[in-house]
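Let's take a walk through this one together. Have the sequence and the 3D view open side by side, and follow along as we go.

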Amino acid sequence: MNKAGTKLIVRFVPALVAVAALAVTGCSSSSGKSDTARAKVGDCINVLEGSTTAAKTEPIDCSSEKAVYRVVSTSDQKADCGTENTSYQENSGGGTAFLCLAPNLKQGSCYHQDRETGFAYADCASDAATVKVVKRVDGTSDEFVCDSNSTFLTLSNPKTTFCLANPKS
């Protein structure tokens, strides 16, 4: 995580490998692909259980506080999701699905963030909550909109700035 202001040293890279194999489970259809693997650009994903090899996910309405990721691209072959996004790959009898996912965190909501498994929604009162989104600014990718007590996460597509804090403070 980064601090806003002049102490910017290293850019936070959200779970590059984290959801790399965020596949395999979830509701499946007769096509052999899970509902998550059939998601379209703009759809949102909830992480029910994070894992680097077989996480449980589900498509969810993007307005939900549990809509942790938004699909920014889909492919039937591995693609470079860049440093800001995380990836989802599913290999099944229905073929291969590869999704690039951007964080879709909600202001006022808390999440469990782990370098291995990415973000998952967490109740702010629970021990699982590791970050709280104190401010979300759409349309800009500028860490300086966060106060100096916050860490930040910025995205260039779609341009979004998340100001984050410890939920326990």
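Start with the disulfide that joins C146 to C163, where the sulfurs sit 2.0 Å apart; a disulfide here is a pair of cysteine sulfur atoms within 2.5 Å. The link of C146 and C163 is left-handed, with -90° about the S-S bond. C146 lies in the loop between strand 9 and strand 10 while C163 belongs to strand 11, so the pair ties together parts that are 17 residues apart in sequence. Both C146 and C163 are buried, where buried means under 20% relative accessible area, exposed means over 50%, and partly exposed is in between (1.4 Å probe, protein chains only).

A word on what you're looking at: this is a predicted model, in which local features need pLDDT of at least 70, side-chain atom pairs count only at pLDDT 80 or more, and totals for chains, interfaces and linings use all residues. Residues are numbered from 1 along each chain as its sequence is written, and side-chain values use heavy atoms, with hydrogens and water left out.

Now stay with strand 11, which covers residues 159-165 and is mostly covered, with 5 of its 7 residues buried. Strands, like helices, are DSSP runs numbered from the N terminus (E, at least two residues, for strands; H or I, at least four, for helices). Strand 11 pairs with strand 9 (residues 131-138) in the antiparallel sense, over 6 bridges; two strands count as paired if DSSP finds at least two bridges between them. Strand 10 (residues 151-156) also pairs with strand 11 in the antiparallel sense, again over 6 bridges. Which residue of strand 11 is the bridge partner of V133? That's L164, and T151 stands opposite L164 too. Between strand 10 and strand 11 there's a hairpin that joins them through 2 residues.

Let's zoom out for a moment. The protein holds 0 helices and 11 strands, so to speak an all-β read-out along the sequence: β-β-β-β-β-β-β-β-β-β-β. Of its 169 residues, 41% count as buried. Among contacts between residues at least 6 apart in sequence, 59% join residues at least 24 apart, with contact meaning heavy atoms within 4.5 Å. The protein exposes about 8,200 Å², and carbon and sulfur atoms supply 49% of that; the areas come from the Shrake-Rupley method with a 1.4 Å probe, and for residues only the protein chains shown count as cover.

Next, find the open sheet of 5 strands, which has the order 3-2-4-6-5 and antiparallel pairing. Its edge strands are strand 3 (56-60) and strand 5 (86-92), each pairing on one side only. Neighbouring strands of this sheet are turned by 40° against each other on average, direction ignored. (The axes are lines fitted to C-alpha atoms, for helices over the stretch in contact, and angles run from 0 to 180 degrees between N-to-C directions.) At one edge, strand 2 (residues 44-49) and strand 3 run antiparallel and are joined by 5 bridges. There, N46 has E58 in strand 3 as its bridge partner.

Back to the cysteines, since a search of the whole structure finds 4 disulfides. C44 and C62 form one of them, with their sulfur atoms 2.1 Å apart, and this link is right-handed, with 105° about the S-S bond. C44 lies in strand 2 and C62 in the loop between strand 3 and strand 4 (69-75), so the pair ties together parts that are 18 residues apart in sequence. How much of each cysteine is accessible? C44 is buried at a relative accessible area of 1%, and C62 is buried at 19%.

Another disulfide joins C81 to C100, S to S 2.0 Å. The torsion about its S-S bond is about -85°, so the disulfide of C81 and C100 is left-handed. C81 lies in the loop between strand 4 and strand 5 and C100 in strand 6 (residues 95-103), so the pair ties together parts that are 19 residues apart in sequence. C81 and C100 are both buried. Counting bonded cysteines along the chain, the disulfides follow the pattern 1-2, 3-4, 5-6, 7-8.

Last stop: the aromatics. The structure holds 2 aromatic pairs, where rings of Phe, Tyr and Trp (its six-membered ring) pair if their centres lie within 6.5 Å, and planes under 30 degrees apart count as stacked, over 60 as edge-to-face and the rest as tilted. Y111 and F119 have ring centres 6.5 Å apart and planes at 80°, so they meet edge-to-face. For Y111 and Y121 the centres are 6.1 Å apart and the planes at 85°, so this pair is edge-to-face as well. It links distant parts of the chain, Y111 in strand 7 (residues 110-114) and Y121 in strand 8 (residues 118-122), 10 residues apart. Ring pairs thus link Y111, F119 and Y121 into a cluster. Within it, Y111 is buried at a relative accessible area of 0%, F119 is buried at 1%, and Y121 is partly exposed at 25%.
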